[in-house]
Amino acid sequence: MAKPKIPGRRTGNPAAGAKPQASGGAATVTVEPTTPKVRTSPMQFLGQVRAEGRKIVWPSRKETWITSVMVFIMVLLAAGFFWIVDLLLGMGFERIISFGS
């Protein structure tokens, strides 16, 4: 089945609806929307929100607990790493400063 022709749309153009226009020395491209925007009523919007909400897969209590423990462990590892780096940088800075006195 052939698509109906849309005014301002070129056939065979991969950037559907794009029209190059020359202005000065540079070419600009304007893009026309291929389909007009359809307004959604508030009731339709709420129905769509409820439909999307039914698609959510919530994690189980066990999955939430395991993920929380893993986050806590990663925070402890990061804190330990940055504490060691801070300690080493502080000792190095003190050593550099002590050369001057």
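Phenylalanine 82 counts as exposed, at 55% relative accessibility; exposed here is over 50% relative accessible area, buried is under 20%, and partly exposed lies in between (1.4 Å probe, protein chains only). The structure holds 1 aromatic pair, and phenylalanine 82 makes it with phenylalanine 81, edge-to-face, at 5.2 Å centre to centre and 70° between the planes. Rings of Phe, Tyr and Trp (its six-membered ring) pair if their centres lie within 6.5 Å, and planes under 30 degrees apart count as stacked, over 60 as edge-to-face and the rest as tilted.

Before going on, a word about what you're looking at: this is a predicted model, where local features need pLDDT of at least 70 and side-chain atom pairs count only at pLDDT 80 or more, while totals for chains, interfaces and linings use all residues. Residues are numbered from 1 along each chain as its sequence is written, and side-chain values use heavy atoms, with hydrogens and water left out.

Now step back to the whole chain. Following the sequence, you meet the pattern β-β-α-α, that is, 2 strands and 2 helices. These are DSSP runs numbered from the N terminus: helices are H or I with at least four residues, strands E with at least two. Of the 101 residues, just 2% are buried. The accessible surface is about 9900 Å², and carbon and sulfur atoms account for 68% of that; such areas come from the Shrake-Rupley method with a 1.4 Å probe, and for residues only the protein chains shown count as cover.

How confident is the predictor? The pLDDT, its confidence in each residue from 0 to 100, averages 83 over the chain, with 73% of residues at 70 or more. Among the elements, strand 1 (residues 18–23) has the lowest mean, 54, and helix 2 the highest, 97.

Helix 2 covers residues 61–98 and includes methionine 70, which is partly exposed at 46% relative accessibility. Methionine 70 also belongs to a nonpolar surface patch with Trp65, Ile66, Val69, Ile73, Met74 and Leu77, together about 710 Å² of accessible area. A patch takes residues with over 30% relative accessible area and no salt bridge, joining like charges within 9 Å and nonpolar side chains (Val, Leu, Ile, Met, Phe, Trp, Tyr) within 5 Å.

Finally, the charges. Side chains of opposite charge can pair when their charged atoms come close. There is 1 salt bridge here, meaning a side-chain nitrogen of Lys or Arg within 4 Å of a carboxyl oxygen of Asp or Glu. Glutamate 52 and lysine 55 form it, their closest N and O atoms 3.1 Å apart. Glutamate 52 is partly exposed at 48%, and lysine 55 is exposed at 57%.

How values were computed
pLDDT = per-residue confidence, 0-100.
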